[in-house]
Amino acid sequence: MALSTNTGGQRPGESSGDWDEAREGAELYRIVSELYPICRSITGNGVRESLRVLQQQVPLSLHEIPSGTKVFDWVVPNEWNIRDAYIKNSSGGKVADFRKSNLHVVNYSVPVRKKMALSELRPHLFALPESPDWIPYRTSYYKETWGFCLSQRQFESLADAEYEVCIDSSLGPGHLTYGEFQIPGATDNEVLISSHCCHPSLCNDNLSGMAVAARLAQHLSGRSLRYSYRFVWIPGTIGSIAWLALHEKLLPQIKHGLVLSCVGDPGRFTYKRSRRGNAGIDRVVEHVLRHSRREFQLRDFSPQGYDERQYCSPGINLPVGCFMRTPNGEYPQYHTSADDLTLVKPSSMAESLQQLLQIIAALEGNESYVNLNPKCEPQLGRRGLYRPVGGTKNAGAEDAMLWVLNFSDGGHSLLDIAARSGLPLATLSAAADQLENAGLLAKAGGPRQ
Ligand SMILES: [Zn+2]
């Protein structure tokens with residue numbers, strides 16, 4: 001199976017033959033732009049509205065978990081919704097306005113409507129002295145409080161006077177919402193793709209992952225696939241904990257998984273391995289990145305970061321890694337108003353999607369074969385598989401056939417042979433196809449895990 005994203009002849013898991021980076025990037029950017037103004041949180045109408053935007057790409061379903069549901073050591077919190085919020089000065093001017101930026105309100109703020117002196121207001125204000133023009137992103141999900149986030153310049157300009165404070169929000173029994181979309185494959189063995197959808201107007205951290213996951217699902221839909229694919233768009237931490245608690249029985253079916261986040265900035269790719277460290281997904285992603293001719297870094301698992309913390313908790317321990325460009329917390333705009341539509345680039349998101357399609361093509365193509373003619377080399381020339389004139393340098397395809405024939409003993413997958421030979425899995429996969437067609441090779445059995 002060829003892995004290229006710019007050649008024709010679609011195969012299972014292979015990218016579209018008419019890959020158009022500019023068009024794909026424009027569509028991804030359009031999705032992110034549509035999602036950007038929505039005020040999301042770990043619960044509430046912002047998540048629902050966002051998932052409905054993604055339904056334009058794939059018919060994902062919305063699932064609702066009632067507040068109060070116990071999920072492992074956690075409880076699904078009350079649902080939060082917000083309509084408006086502001087701080088007005090004594091002359092009626094708004095010094096912070098939710099309608100201008102939803103980051104101005106501490107996410108999950110309880111309602112408040114009160115006049116107060118600056119001294120009373122100040123403990124509820126947050127700013128970033130080191131980046132005086134940016135509004136920070138703050139949350140208080142599990143402690144009932146309220147607050148506003150301002151730029152440092154706004155904060156410093158506040159006169160010592162009385163202010164009118166309004167947060168028109170509600171916090172009460174409701175639901176936690178998540179989105180899910182499944183693509184059935186030839187087997188029940190699943191690949192899980194997870195992205196968080198709980199941040200308000202932040203582009204790289206949440207929207208890029210949500211959009212790329214939706215387009216990835218769209219690209220894979222309707223294909224003939226070996227694995228089944230399950231996409232989830234969930235609120236961070238509590239969403240993955242709740243999903244895992246409610247789906248514990250199907251976890252053994254999950255053979256590979258990726259958390260997608262921060263895939264829209266122009267930084268190099270980062271892959272954070274699963275807790276297992278040497279799972280199939282870890283080896284496949286590393287292989288694809290090494291042959292991508294793009295800059296990348298690999299990191300071992302750590303119990304910080306995104307929902308891989310839950311997927312890779314010791315009692316769950318799924319083979320799930322995290323695919324990013326610049327990791328969370330490692331770019332200055334992280335969790336500020338500067339993680340906006342200028343930070344994410346259409347071309348960066350398209351490249352991320354292309355890389356993911358190649359990872360999936362490699363997962364799909366990583367078969368094990370058995371050489372049906374293992375006693376000495378088969379005569380390839382007689383079958384039109386070898387150059388007719390001897391003495392010339394071996395062509396790449398012939399090299400690949402020799403590697404595949406030699407190590408296809410049922411004990412080596414194509415990925416094993418790729419590691420041993422230094423050849424790309426795509427080249428070996430194409431060679432295996434040719435050898436299989438010539439009756440020299442057969443698949444070793446059921447799908448590999
Ligand atoms: Zn975040």
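**Notebook: zinc site, aromatic cluster and single residues**

I began with alanine 350 and found its place in helix α9, in a model that I note here is predicted, not experimental. I looked up its accessibility and recorded a relative accessible area of 0%, so alanine 350 is buried. I then took the distance from alanine 350 to glycine 25, and their C-alpha atoms are separated by 4.7 Å although the two residues stand 325 residues apart along the chain. Leaving aside neighbours within four places in sequence, I listed Trp19, Glu21, Glu24, Gly25 and Leu28 as the residues in contact with alanine 350.

**Zinc site**

Which residues are the protein donors of the zinc ion? I noted His199 through NE2, Asp205 through OD and His335 through NE2, lying 2.0 to 2.1 Å from the metal. Along the chain these donors follow the spacing H-x5-D-x129-H. I placed aspartate 205 in helix α5 (residues 203–220) and histidine 335 in the loop between β16 (320–324) and α9 (346–365), so this pair ties together parts that are 130 residues apart in sequence. For aspartate 205 I also looked up the accessibility, and with a relative accessible area of 0% this residue is buried.

**Whole chain**

I next turned to totals for the protein. I counted 12 helices and 19 strands, and the C-alpha atoms fill a box of roughly 90 × 45 × 35 Å along the principal axes. Of the 449 residues, 56% count as buried, while the accessible surface comes to about 18300 Å², with 48% of that area belonging to carbon and sulfur atoms. Among contacts with a separation of 6 or more, I found that 79% are between residues 24 or more positions apart. For the charges I entered 46 positive and 47 negative side chains, and the centres of the two sets lie 3 Å apart.

**Aromatic rings**

How many aromatic pairs does the protein have? My entry is 9 aromatic pairs. I examined tyrosine 141 and tyrosine 142, whose ring centres are 6.1 Å apart and whose planes stand at 80°, so I wrote the pair down as edge-to-face, the cut-off for that class being an angle over 60 degrees. Ring pairs link these two tyrosines, Tyr141 and Tyr142, with Trp74, Trp80 and Tyr108 into a cluster. Tyrosine 142 itself has a relative accessible area of 47%, and I therefore marked this residue as partly exposed.

**Two positive phi angles**

I checked cysteine 262 and asparagine 317 for their backbone angles. Phi of cysteine 262 is near 50°, a positive value in a residue other than glycine, and I located cysteine 262 in the loop between β13 (254–260) and β14 (269–272). Is cysteine 262 buried or exposed? At 0% relative accessibility, I counted cysteine 262 as buried. Asparagine 317 likewise has a positive phi near 50° without being glycine, and its place is in the loop between α8 (308–311) and β16. With a relative accessible area of 21%, asparagine 317 went into my notes as partly exposed, given that buried means under 20%.

**Histidine 104 and arginine 138**

I found histidine 104 in the loop between β5 (94–97) and β6 (112–117), and at 4% relative accessibility histidine 104 counts as buried. Apart from neighbours within four places in sequence, the residues in contact with histidine 104 include Ala96, Asp97, Phe148, Cys149 and Gln154. Arginine 138 I found in the loop between β7 (125–126) and β8 (148–149), partly exposed with a relative accessible area of 32%. The contacts of arginine 138, with the same neighbours within four places left aside, are Val105, Val106, Asn107, Phe126, Leu128 and Cys149. I also recorded arginine 138 against glutamate 180, which lie 42 residues apart in sequence and 27 Å apart in space, C-alpha to C-alpha.

**Serine 119**

My last lookup was serine 119, which is found in helix α3 (residues 118–121). I counted serine 119 as exposed at 56% relative accessibility. Between serine 119 and glutamate 162, which are 43 residues apart along the chain, I noted a C-alpha separation of 9.2 Å.

Notes. Residues are numbered from 1 along each chain as its sequence is written. This is a predicted model: local features need pLDDT of at least 70, side-chain atom pairs count only at pLDDT 80 or more; totals for chains, interfaces and linings use all residues. Side-chain values use heavy atoms; hydrogens and water are left out. Donors are N, O and S atoms within 2.8 Å of the metal (3.2 Å for Na, K and Ca); water is not among the atoms, so sites may look incomplete. Helices (H or I, at least four residues) and strands (E, at least two) are DSSP runs, numbered from the N terminus. Buried means under 20% relative accessible area, exposed over 50%, partly exposed in between (1.4 Å probe, protein chains only). Contact means heavy atoms within 4.5 Å. Accessible areas come from the Shrake-Rupley method with a 1.4 Å probe; for residues, only the protein chains shown count as cover. Lys and Arg count as positive and Asp and Glu as negative; His and the chain ends are not counted. The place of a charge is taken as NZ of Lys, CZ of Arg, CG of Asp or CD of Glu. Rings of Phe, Tyr and Trp (its six-membered ring) pair if their centres lie within 6.5 Å; planes under 30 degrees apart count as stacked, over 60 as edge-to-face and the rest as tilted.
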